[in-house]
Amino acid sequence: MTNRNVVTRFAPSPTGFLHIGGARTALFNWAFARKHGGTFILRIEDTDRARSTPESTRGIIEDLKWLGLDWDEGPDAGTANPYTAQTGHYGPYFQSQRLEQYRQQAVKLMQDGRAYKCFKTPEELAVDREEARQLRRPYKYDRTQAISLTPDTITRYEREGRPCVVRFRMPDTDITVRDSVLGNVTVKAAELEDFIIVKSDGYPTFHLANVVDDAAMNVTHVLRAQEHLMNTPKHVALQEALGFDTPRYAHMPLIFNPDGSKMSKRDKAKAARQGAKAYLKEHGNDTAQLARKAGSLGANEIEAFVNKKTDDTTIAALLADALGVELPEIDVHDFKQSGYLPETALNYIALLGWSPGNNVERFDLDFLVEQFDLGRIGKANARFDRAKLLAFNTESIAKLPPEVFLKHLAAHDAEFHHRAYLEKLGKQNFTVFAESYRPRCRTLQEPFVNGRFFIVADDAFDYQPDAVKKNLQKDNGEGFGVLQDLRPLLADCQPWSAAQLEIVVKQYAEDKSLGLGKVAQPLRVAVSGSTVSPPIYDTLAILGQAATLARIDRCMELAATQPQQPQTQGH
RNA sequence: GACCCCGUCGUCUAGUCAGGUCUAGGACACCAGGUUUUCAUCCUGGUAACACGGGUUCGAAUCCCGUCGGGGUCACCA
C-alpha cells in the first residue's frame, strides 16, 4: 500500500474496564496502522465528568498492554501518572485537557452561524419527547425557539445564570457516509436534528470532541463499532462546517452473547444474582448467612443487589466467589483472570467480524498485521462463542514451550493467587507442577483450580463421597487394600521422584496383577480427595513423601470410621 | 414506532463485489467409534446451512425487487 500517512486511534471512554468489543476495536485500529506503517493513537475521551475515572484509564492501559497492543501517541504505557506523562506531537491525549480547543471551535461555529445557544432544560426536552410519544409521532428537536432568541435576551438569560447548551445547526441536506465496510449510507436531511456540541457544564459532547481531535491529530481512518453508524452523519456535517477533511470510516459489526443479547457488564450481575437467589432459596432467605459466607459483604448490600437495586460488579464478584459461581467473561480483565493467553484471545476476537480467508483461522499478530484489510471485515453481527475460544486456548497452551508456560503460570499465580502456589510448592516443585499441568490444562486458571489440593494442609481437603465409594470402598474395600499395601512401599521409596515412584507403583501393580487404574485411582483419591489429578507419579512427587504418607494415613482412617456396607459377593 | 444496517451448518466463517470450477469448504460445538491409570489431549467417521417468494439469465449462494427475521440508533453517555 502506498499510503504512508495512515493514522488511526483507539478512543475509549474511561468509565469502566476495557470491554471485549473495545479490545477488538483497538486491535483492528492497531493492525491497520501497523500494516500501513502508520501511527496508532490512544486517546482518552473523558468528557463525561460524572462517569470517567482515573482508575478506569489505568485499567484500560493495563489491559491494552497485556494484550500486547502498543501505541505511538497517547498516555505513556509504563507511567504511574498517565495524565502527565504523554507522548506525541498532537497532545494532550486526554479530552479533559483539551477543553480550550473545543471551546474555540464551538465559538467559531457560532460566529459562522453553524451553531447556537439553546436554553431548554433537560426536563423541558423530556416533556417535548413525551408529548411526541403520546401523539405517536417521531420526536425531533425544534430549533425555532432557540434561534429566534435576540442577543439581548441571550445576554439576559446568561446574566440570570440560566444554563444553556450549544447546538450544531444541521444543514438541510441529505448526508452520505462513505464507509469501507458498508458502502455508501445516506441519511435524509429530515432524519437529522440539531445536536448538542457543548453541554451546560461547558464540556464538549462526544461529537464535538471526537471530530475536533480526529482532525487535530490527523486521523485518517476511523474503525469503530456499528453502533456509531447513526452518529457519523453528524460528524461528517461537523467536519464540513469546521473545514476539516472527513476521515475514512469503517463500521464494524457488533459482538453479542451466544443468546443474541448484548454483551454487557450486567451479565455478570445477572449470573451472580441467579446464584445468590438459588442459595437464598435453599437457605430460607437468610441474607445474613450469605453475608457471612461472602465475608466482606453486608446483608443490606446483598439484599440491594439481589433486588436489582445495583449491578455493582464488585458485589457480583464477591458473591460469585463465595458461591462458586462462574461469572461470564465480559471485560478483557475477565479473560485474563480466566486464564486465556492474550494473543489467543486476540486471535479469536479478530475472527469476530474479520477473516483472512483460505480456511486460515489460527494466526499470530504478525500475520494479522500482514493480512489485515478493511475489505475483509464482515457486515453481520457475531456471537461470542466461549467454547471455540477455549478450544483455541487449549491448542495454544499445548504448543507453548515449557519455560514460556511456566512464566505465564507464575504470572497468573502472582496476580490472582498472591503467589500462594509458588510459595507453598517452592520453585522446584512449582516447575514440576507447571509441567504436569501444561499438557492437560485448557486455561492458565485450571491448574490452580484443579490443583488446589496441592497447597492445602493435609487434612484440609474433603474426600468426594462418590470417589471414595467407587475407588476405595467398592469390592470389599479393594482400594483401601491397595493403599495399605502401598503405604510401606512408598515409605521406603528412594529417591522421591516421579521416575522412582513409577517404578515402585508399576512393580506393585504387576506383582498383584492389577491394572494401573486399580492402583492409581485409590492413590489419587487418597491424596487429592478426587479422581482427577495430573499423572499419579507427578502428583505424588509434587506433594512430597511426607504429605503423601500423611494423606494416605488420613484416608485409611476413613476406612475405619466409615466401615463399608456389607456386600454380597458372587462367591 | 421512525430511520439505518444485516441475513450461508447450532456458532464463527470461506465463497458474494468481477454469476458457471459449490451435489457449498474450514473451524468450534454435537453424535458415534478408537487411544489413554484419572483428567485434559489425540485419532477416525458422521449429522448439519445458502431465511422465504418473485424476477433477470442458458445458468443465481452470488444481480434486482418484495416479504419475513435479527440488530443498531433515536441522551446535556460515548
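These are my notebook entries on a predicted model of a protein with an RNA strand.

**Entry 1: the surface near the RNA**

I began with RNA strand B and looked up which residues surround it; there are 62 of them, and Gly353, Glu361, Ala520, Thr531 and Ser533 come nearest. Sorting the residues of this surface by character, I found 25 nonpolar, 19 polar and 18 charged. From the side of the RNA, I noted that sugar or phosphate accounts for 72% of the atoms of strand B within 4 Å of the protein, while the rest belong to bases.

I then looked up individual side chains that place an N or O atom by the RNA, and wrote down one for each part of the nucleotide. For Asp48, the side-chain N or O atom is 2.9 Å from a sugar or linking oxygen of RNA strand B. For Asn231, the partner is a base nitrogen of RNA strand B, at 3.1 Å from an N or O atom of the side chain. For Arg376, an N or O atom of the side chain is 3.2 Å from a phosphate oxygen of RNA strand B. As for secondary structure, the elements that give two or more residues to the surface near RNA strand B are α4 (122-134), β8 (183-187), α7 (206-216), β13 (382-383), α16 (386-399), α22 (516-528) and α23 (536-543). Among these, α22 gives the most, with five residues.

**Entry 2: the largest nonpolar core**

Next I turned to the interior, where the largest nonpolar core has 52 residues, and where Phe433, Phe454 and Leu523 have the most contacts inside the core. The elements that give this core two or more residues are α17 (402-416), α18 (420-437), α20 (465-491), α21 (498-511), α22, α23 and α24 (545-561). The most comes from α20, which gives eight residues. I set beside this the general tendency of nonpolar side chains in soluble globular proteins to be buried together. I also marked that α22 and α23 are listed both for this core and for the surface near RNA strand B.

**Entry 3: a three-stranded sheet**

I traced an open sheet of three strands, ordered β5-β6-β9, in which the pairing is antiparallel. Its edge strands are β5 (115-118) and β9 (196-198), each of which pairs on one side only. On average, and with direction ignored, neighbouring strands of this sheet are turned by 45° against each other. Looking at one pair in detail, I found that β5 and β6 (residues 165-168) run antiparallel and are joined by four bridges; Lys117 has Val166 in β6 as its bridge partner.

**Entry 4: unusual backbone in the loops**

Last, I went through the loops with a reminder that most residues other than glycine have a negative phi and that most peptide bonds are trans. The bond from Gly91 to Pro92 is cis, with omega near 0°, and Pro92 sits in the loop between β4 (86-87) and α3 (99-111). Gln494 and Pro495 are likewise joined by a cis peptide bond, with omega about -10°, and I placed Pro495 in the loop between α20 and α21.

Two residues that are not glycine have a positive phi: Arg419, at about 60°, and Ser513, at about 55°. Arg419 is in the loop between α17 and α18 and is partly exposed, with a relative accessible area of 41%. Ser513 lies in the loop between α21 and α22 and is exposed, its relative accessible area being 66%.

Methods: Residues numbered from 1 in each chain as written. Chains lettered and ligands numbered in written order. Predicted model: local features only at pLDDT ≥ 70, side-chain atom pairs only at ≥ 80, totals over all residues. Heavy atoms only, no water. Pairing = 2+ DSSP bridges. Axes fitted to C-alpha atoms, helices over the stretch in contact; angles between N-to-C directions. Near = heavy atom within 4 Å. Polar contact = N/O pair within 3.5 Å; in protein donor to acceptor, adjacent residues only side chain to side chain. Nonpolar A, V, L, I, M, F, W, Y, C, P; charged D, E, K, R; others polar. Core = buried A, V, L, I, M, F, W, Y, C linked by side-chain atoms within 4.5 Å. Buried < 20%, exposed > 50% of the residue type's maximum accessible area, 1.4 Å probe, protein only.
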